[in-house]
Amino acid sequence: MPKVVFKVLWDNLKQGNNFHAIVKNLTRTGRYYWVITDFDVEKDDKGKIVGYTGRRKALPESVIQKIETLYKTLLEIENIKGEKASKLYFNSYLKE
């Protein structure tokens, strides 16, 4: 998983924004699986964040293929030019 995906996710959650993220998870047996997770921010009566709830759903193979390519590119950018460059690329991708 590219670090930038988690950074964008947590930046949004900490700002109180609900967020959707596609995540590649690792099982205890060493296998991977892909899910889209809908994250909801829980707030108290004063609007203070008190928790987060995530609901996961399986992804169609066609979506996995597209995201896998994007995440591979983001990881390559992170390894060569660093997280800042990866974030710039990811933000540009999201705006398209």
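What follows is a short dialogue on reading the folds and contacts in this structure.

Me: Before we start, what kind of model is this, and how are residues numbered?

Reply: It's a predicted model, where local features need pLDDT of at least 70, side-chain atom pairs count only at pLDDT 80 or more, and totals for chains, interfaces and linings use all residues. Residues are numbered from 1 along each chain as its sequence is written, and side-chain values use heavy atoms, with hydrogens and water left out.

Me: Okay, how many helices and strands are there in the chain?

Reply: Helices (H or I, at least four residues) and strands (E, at least two) are DSSP runs, numbered from the N terminus. Here the chain has 3 helices and 3 strands, and along the sequence they follow the pattern α-β-β-β-α-α. The C-alpha trace spans about 45 × 30 × 25 Å along its principal axes.

Me: Which way do β1 and β2 pair, parallel or antiparallel?

Reply: Two strands pair if DSSP finds at least two bridges between them. Strand β1 (residues 19-26) and strand β2 (residues 32-43) have 8 bridges, in the antiparallel sense. One bridge joins asparagine 25 to tyrosine 33 in β2. The two strands form a hairpin with 5 residues between them, and glycine 30 in that turn has a positive phi of about 90°.

Me: And what does β2 do with β3?

Reply: β2 pairs with strand β3 (residues 49-58) in the antiparallel sense too, over 9 bridges. Valine 41 has tyrosine 52 in β3 as its bridge partner. β2 and β3 form a hairpin with 5 residues between them, and the turn holds glycine 47, with a positive phi of about 90°.

Me: Now the helices. How is a packed pair described?

Reply: You give the angle between the two axes and the distance between them. The axes are lines fitted to C-alpha atoms, for helices over the stretch in contact, and angles run from 0 to 180 degrees between N-to-C directions. Helix α2 (residues 61-81) and helix α3 (residues 83-95) pack at about 150°, with axes 7 Å apart. That makes α2 roughly antiparallel to α3; the cut-offs are under 35 degrees for roughly parallel, over 145 for roughly antiparallel, 65 to 115 for roughly perpendicular, and oblique for the rest.

Me: Which residues of α2 and α3 make the contact?

Reply: Contact means heavy atoms within 4.5 Å. From α2 you get Leu70, Thr73, Leu74, Ile77, Glu78 and Lys81, and from α3 Glu83, Ala85, Ser86, Tyr89, Phe90 and Tyr93. They divide into 7 nonpolar, 2 polar and 3 charged, with Ala, Val, Leu, Ile, Met, Phe, Trp, Tyr, Cys and Pro counted as nonpolar, Asp, Glu, Lys and Arg as charged, and the others, Gly among them, as polar.

Me: How do α1 and α2 cross?

Reply: The axes of helix α1 (residues 3-14) and α2 come within 8 Å and cross at roughly 100°, so the two are roughly perpendicular to each other. Lys3, Val4 and Val5 of α1 meet Tyr71, Leu74 and Glu78 of α2. That contact has 4 nonpolar, no polar and 2 charged residues.

Me: Let's zoom in on lysine 43. What does it count as at 45% relative accessibility?

Reply: Buried means under 20% relative accessible area, exposed over 50%, and partly exposed in between (1.4 Å probe, protein chains only). At 45%, lysine 43 therefore counts as partly exposed. Lysine 43 sits in strand β2 and, leaving aside neighbours within four places in sequence, contacts Gly16, Lys48, Ile49 and Val50. Glycine 16 is 27 residues from lysine 43 in sequence, with 8.3 Å between their C-alpha atoms.
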